[in-house]
Amino acid sequence: MKRLYWFQPDDWDIGGMERAYARMARRGWQLEKRGAFFSRFARKEPAEVCYRVELASPHGYFGEVKLPPEQVALYEECGWQYVTGRGLVHLFQAPAGSGEPELYDDPRQQAETLQGLRREARQQLIGVCVQIALYLLLVVLNWCRRSAHLYLMFVQAPTLLPLALVLMGGLLANAVHRVFLVGRQYRRLRRGMPLDRRPQWVWRTVRGGLWAAGAACAAFLLWQAASIRTLPPEPGQAGPCLVLEQLGVEGELTDLPVGGSESHLTATPLGGGRYWWQGQETRREGGWEASLFQDVYELGSPEAANELRTLLILSTTFERALEPVEIEGLDWAVYGDLEAVAVRGGRAASLTLIVPTENYDEQKAALRRALEALAAHWESLDAA
Amino acid sequence: MEQQPMTEAMYYVLLALLRPLHGYGLMQRIGQLSGGRLTMSPGTLYGILTRLTREGLIRLEEQDARRKTYALTETGRQALGAEYARLCRLVEDGAILKEGEI
């Protein structure tokens, strides 16, 4: 027999569940079983079927709560066939228009059956709030001393923060809406009004918007990951990055001292014509080794590049050792013993250069020459 | 302490259970007793049966795997009698309507 698994409606949307399963029955898919996220359907003849939800006793807590057999027997004697149930939600069906009495003719009586669902909704809201608070706490604890790295991560993956906010916001909005809707149904029934089975158009619009926003953010990240280019660190192929060969270091290209991966450059698009280049290169000759690590951001505007320079300074290891330096061809630069940060036009770069020297003065001089080489390289790129 | 007035549905359930019945039979009996005026949905009936059982007004007479037969307890019989007496008093007091006095 053919079977189909499909996303199931939310437990708290009673009208939505009844309509969705009736719609599937009209298309020839009969509900067999409800799972945690999916419902299972079996292929049958299309039929006009009416579904009704019965909620189990409020004594259940997130577990399987069966309806008493005598209750099921009574409903079946009245023409309602038991289909399936999971958690507090149980479904009965009858042929549409067959005249079976509704499950409840006293809304106040039916209101009591919503107590379990109300409690579940409140507990879920508390759980979501705790979850989000923990996530935020972990982010703060993990990044509080490295906040510059966190902000740089959001520059390198521009839709990461919006995606995180959409996911957390969506979870919270869903939990709040569930509490609101079930509470409103309960108050309505207590006033003697029947259950509101109408489609929740406002919520569906909001949720659709959140899904669309999340999908757009995720799609961008996927596109970004698929667009990353990996290049060898050679002159003419390195984009705005420097390579050790341009600094007169001619040893053999070798694996990185940390991590052991091959020396390489990567180019990651940031959208809107902007790019993030990352270079990791180590060369060895005889007993000595030289390494160049760099992040170069092509941001398209001097304002954006100048805004980034503060973050690049904060992300260096020896931030306090950096001092300003005038380099022809660079709008702004600072350098220390091992690290430098530079800006020209819409480009900003952070460099770490380690050369085999006996003292810090030679190391610092080598770094200054690297900044001069970088200025000349960027000038030639701008002129091309 | 004076008994709280019953709802119409509770009254007819107790009335129908003057002889033991199971759930669906109870629905039919209520329809007969009320002359078709009162029809009760299965969920409403089940909720009332659960409440009356909890309050000790009815008890489980016998049960098989799925069906339960209910019957009045002595407390339930007394409560039914008291409710009937209260309703009779209301009707008697309302006799002035026939006499034309307001």
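This text describes a three-strand sheet in chain A and the larger of the cavities in the structure. The model is predicted, so local features need pLDDT of at least 70 and side-chain atom pairs pLDDT 80 or more, while totals for chains, interfaces and linings use all residues. Residues are numbered from 1 along each chain as written, chains are lettered from A in the order written, and side-chain values use heavy atoms, without hydrogens or water.

The open sheet of chain A has the order β1-β3-β2 with antiparallel pairing (strands are DSSP runs of E, at least two residues, and helices runs of H or I, at least four, numbered from the N terminus; pairing needs at least two DSSP bridges). Its edge strands are β1 (3–7) and β2, each paired on one side only.

Five bridges join β1(A) to β3(A), and five also link β2 (residues 29–34) with β3 (residues 38–43) of chain A. Phe41(A) in β3(A) is the bridge partner of Leu4(A) and also stands opposite Leu31(A). Three residues separate β2(A) from β3(A) in a hairpin.

The whole structure holds two cavities of 30 Å³ or more (on a 1 Å grid over the protein atoms alone, sets of points where a 1.4 Å probe fits but cannot get out; lining residues have an atom within 4 Å of a point). The largest has about 80 Å³ of space, the volume being that filled by probe spheres set on points joined across faces, edges and corners. Its lining comprises 13 residues, with Glu70(A), Leu74(A), Gly23(B), Lys68(B) and Tyr70(B) nearest the centre. α2(A) gives the most to this lining, four residues.

Note on methods. On a 1 Å grid over the protein atoms alone, a cavity is a set of points where a 1.4 Å probe fits but cannot get out, and a pocket is an open set with protein on both sides within 12 Å along at least five of seven lines; lining residues have an atom within 4 Å of a point.
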